[in-house]
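Open the model in your viewer and keep the sequence panel beside it. The tour goes stop by stop, with a selection to make at each one.

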Amino acid sequence: EWKMDNDIERVLYSQAEITEAAERVGHQLAHDYEGKTPIILVVLKGAALWAVDVMRYMEYTEVEFINVSSYNGGISSSGEVSLVTDIQSDVQGRDIIIMEDIVDTGRSLKFMKQLLMDRGAKSVKTASLLDKKEGRVVSEDVEYIGFDVPKAFVVGYGLDYSVDGKELYRNLPYVGVLKKSVYAQEHVGLVDDAITPTH
Ligand code: PRP
Ligand code: MN
Ligand code: MG
């Protein structure tokens, strides 16, 4: 009996399905980047689990990390993206694969692509576990997609939900829809005004 399972309405993508998707995307990338040494750019924190799964199927790559935030700790998306932790290496002339857990409004992706192109990256493509196309505010395409996800409140496999300032559910081994009772304001105990509905 695992307590976190009780907070989930239904499982959208099981661990086995995600493993399969990671293998499919990893093989695609290995094929498309054959003979190149791309930089896998892991977008913290959400993309950590997915990126590790995908890169196992690839050939020579480098791994870098970036942390951007589109939320200023408020209740909803501020629309402004800021750089929290920068990349450590020079991207000039390099092929970059942005690894995301989810692309929603597209704002984070747009920000990162702009940053990378400004710094002279040779190419920038994106591999995301989830693509929430209905959420798009700025038009951004995702070249490699694990799953097209409907507009639901999803958590797990890197995706968090913030309760009391604590980013929970990232370590769920599957992607699921969070129960309303967990994020509803009237639910006693678990949530207060500190809740930050994101995805
Ligand atoms: C989430 C998610 C993406 C981004 C997508 O990250 O992991 O990086 O938002 O949203 P967008 O398309 O609307 O910009 P978040 O900023 O919540 O940080 P986290 O990964 O640390 O949870
Ligand atoms: Mn993220
Ligand atoms: Mg988040």
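Two strands count as paired if DSSP finds at least two bridges between them. With that in mind, select Ile-39, which stands opposite Ile-96 in strand 5. What you are looking at is a predicted model.

**Stop 1: strand 2 and its partners**

Select residues 39-44, which make up strand 2. Strand 2 pairs with strand 5 in the parallel sense, over 4 bridges. Now add residues 62-69, strand 3: here too strand 2 pairs in the parallel sense, over 6 bridges. To follow the chain from strand 2 to strand 3, show helix 2 (residues 48-55); the path runs through this helix, and the β-α-β crossover is right-handed.

Two pairs are worth labelling between strands 2 and 3. Leu-41 stands opposite Glu-64 in strand 3, and the bridge partner of Val-43 is Ile-66.

Is strand 2 enclosed or open to the outside? Of its 6 residues, 5 are buried, so strand 2 is largely enclosed by the rest of the structure.

Extend the selection to residues 82-85, strand 4. Strand 3 pairs with strand 4 in the antiparallel sense, over 3 bridges. As a marker for this pairing, use Ser-69, which stands opposite Ser-82 in strand 4.

**Stop 2: the nonpolar core**

Return to Leu-41 and show its surroundings. Apart from neighbours within four places in sequence, Leu-41 is in contact with Glu-64, Ile-66, Ile-87, Ile-96, Ile-97, Ile-98 and Met-99.

Which residues have the most contacts inside the largest nonpolar core? They are Leu-41, Trp-50, Ile-98 and Met-99, in a core of 46 residues. Strand 5 provides the largest share of this core, 6 residues.

**Stop 3: ligand 1**

Select ligand 1 and show the residues around it. There are 19 of them, and those that come nearest are Lys-45, Gly-46, Asp-104, Thr-105 and Ser-108. Strand 2, strand 5 (95-103) and helix 3 (107-118) are the elements that give two or more residues to this shell. The biggest contribution is from strand 5, with 4 residues.

Colour the shell by residue class. The shell around ligand 1 divides into 6 nonpolar, 7 polar and 6 charged residues.

Stay on Lys-45 for a moment and look at the backbone. Lys-45 lies in the loop between strand 2 and helix 2, and the peptide bond from Leu-44 to Lys-45 is cis, with omega near 0°.

**Stop 4: Glu-100**

Go to Glu-100, in strand 5. Is this residue buried or exposed? Glu-100 counts as buried, because 26 C-beta neighbours lie inside 10 Å, and 20 are enough to meet the cut-off.

Which residues are in contact with Glu-100, leaving aside its neighbours within four places in sequence? Select Val-43, Ala-47, Leu-109, Thr-126 and Ser-128. Then draw a distance between the C-alpha atoms of Glu-100 and Ile-145: the two residues are 45 apart along the chain, and the viewer should give 9.7 Å.

**Stop 5: the open sheet**

Hide the earlier selections and show strands 1, 11 and 8. These 3 strands form an open sheet in the order 1-11-8, with antiparallel pairing. Strand 1 (8-13) and strand 8 (154-155) stand at the edges; each has a single partner strand, so one side of each is left without a neighbour in the sheet.

Zoom in on strand 8 and strand 11 (residues 175-178), which pair in the antiparallel sense over 2 bridges. Val-154 stands opposite Val-177 in strand 11.

**Stop 6: two tyrosines with positive phi**

Select Tyr-157, in the loop between strand 8 and strand 9 (161-163). Its phi is near 50°, a positive value in a residue other than glycine. Tyr-157 counts as buried, with 28 C-beta neighbours inside 10 Å.

Finish at Tyr-169, in the loop between strand 10 (166-168) and strand 11. Phi of Tyr-169 is near 80°, again a positive value in a residue other than glycine. Tyr-169 is buried as well, with 22 other C-beta atoms within 10 Å.

How values were computed:
Residues are numbered from 1 along each chain as its sequence is written. Chains are lettered from A and ligands numbered from 1 in the order in which they are written. This is a predicted model: local features need pLDDT of at least 70, side-chain atom pairs count only at pLDDT 80 or more; totals for chains, interfaces and linings use all residues. A residue is near a molecule or strand if its C-beta atom, placed from the backbone, lies within 6 Å of it. Ala, Val, Leu, Ile, Met, Phe, Trp, Tyr, Cys and Pro count as nonpolar, Asp, Glu, Lys and Arg as charged, and the others, Gly among them, as polar. A residue is buried if 20 or more other C-beta atoms lie within 10 Å of its own, exposed if 12 or fewer, and partly exposed in between; C-beta atoms are placed from the backbone. Two residues are in contact if their C-beta atoms, placed from the backbone, lie within 7 Å. A crossover is right-handed if, with the strands pointing away from the viewer, the path from the first strand over the helix to the second runs clockwise. A nonpolar core is a set of buried Ala, Val, Leu, Ile, Met, Phe, Trp, Tyr and Cys residues joined through C-beta atoms within 7 Å.
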